[in-house]
Amino acid sequence: MRIGELAKATGVTTRALRFYEEQGLLTAARSHNGYRHYDESAIERVANIRYLLDSGLTMEDIRPLGSCLQGDLPSRRLSSSAVALVDRRLAVLDERIAALSRARERLSSRATAARGEVGCE
């Protein structure tokens, strides 16, 4: 299938598909005119890439998992290295959540205080 067909089948833009290819996560055969052609397994591979990205992993996190992107990824048991990767990403997300919570609390406190004050617009 051509890149537009893969994009339609997966709901991913052609730009994203080319990016996945640049990252080494997706491969395409090239026709004599240079058009990309993907086999049917690319649909599952793209779905797994999206699953991992939507789960909070980054492209940098996913790149080493390239050989594991076929099959029913959400149901597959994680390897010890994948568990370590997930644990590292969880720690980063926890830090971001804590920072966002602190920022929200500062804004909320300021808004609460401002409601009782008359200030300049």
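**Helix packing around α1**

Helices α1 and α3 are oblique to each other, because their axes cross at roughly 50 degrees, an angle that falls outside the ranges counted as roughly parallel, roughly antiparallel or roughly perpendicular. The model in which this arrangement is found is a predicted one. Helix α1 covers residues 3-10 and helix α3 covers residues 41-54, and the two axes come within 10 Å. The crossing of α1 past α3 is right-handed. On the α1 side, the contact is made by Leu6, Ala9 and Thr10, and on the α3 side by Ala42, Ile43 and Val46. Sorted by class, the residues of this contact are five nonpolar and one polar, with no charged residue.

Helix α1 also packs against helix α2, which spans residues 14-22. Here the axes come within 9 Å and the crossing angle is roughly 105 degrees. Angles of 65 to 115 degrees count as roughly perpendicular, and α1 and α2 are therefore placed in that class. From α1, the residues Ile3, Gly4, Leu6 and Ala7 take part, and they meet Thr14, Leu17 and Arg18 of α2. This contact comprises four nonpolar residues, two polar residues and one charged residue. Leu6 of α1 appears in the contact with α2 and also in the contact with α3.

Aromatic side chains were examined as well. The number of aromatic pairs in the structure is zero. A ring does, however, take part in an arrangement of another kind: arginine 2 is positioned over the face of tyrosine 35, and the distance to the ring centre is 4.1 Å.

Key. Residues numbered from 1 in each chain as written. Predicted model: local features only at pLDDT ≥ 70, side-chain atom pairs only at ≥ 80, totals over all residues. Heavy atoms only, no water. Axes fitted to C-alpha atoms, helices over the stretch in contact; angles between N-to-C directions. Helix = DSSP H or I, 4+ residues; strand = E, 2+ residues; numbered from the N terminus. Parallel < 35°, antiparallel > 145°, perpendicular 65-115°, else oblique. Left-handed = near helix turned anticlockwise from the far one by under 90°. Contact = heavy atoms within 4.5 Å. Nonpolar A, V, L, I, M, F, W, Y, C, P; charged D, E, K, R; others polar. Phe/Tyr/Trp six-rings, centres within 6.5 Å; stacked < 30°, edge-to-face > 60°. Lys NZ or Arg CZ within 6 Å of the ring centre and 35° of its normal.
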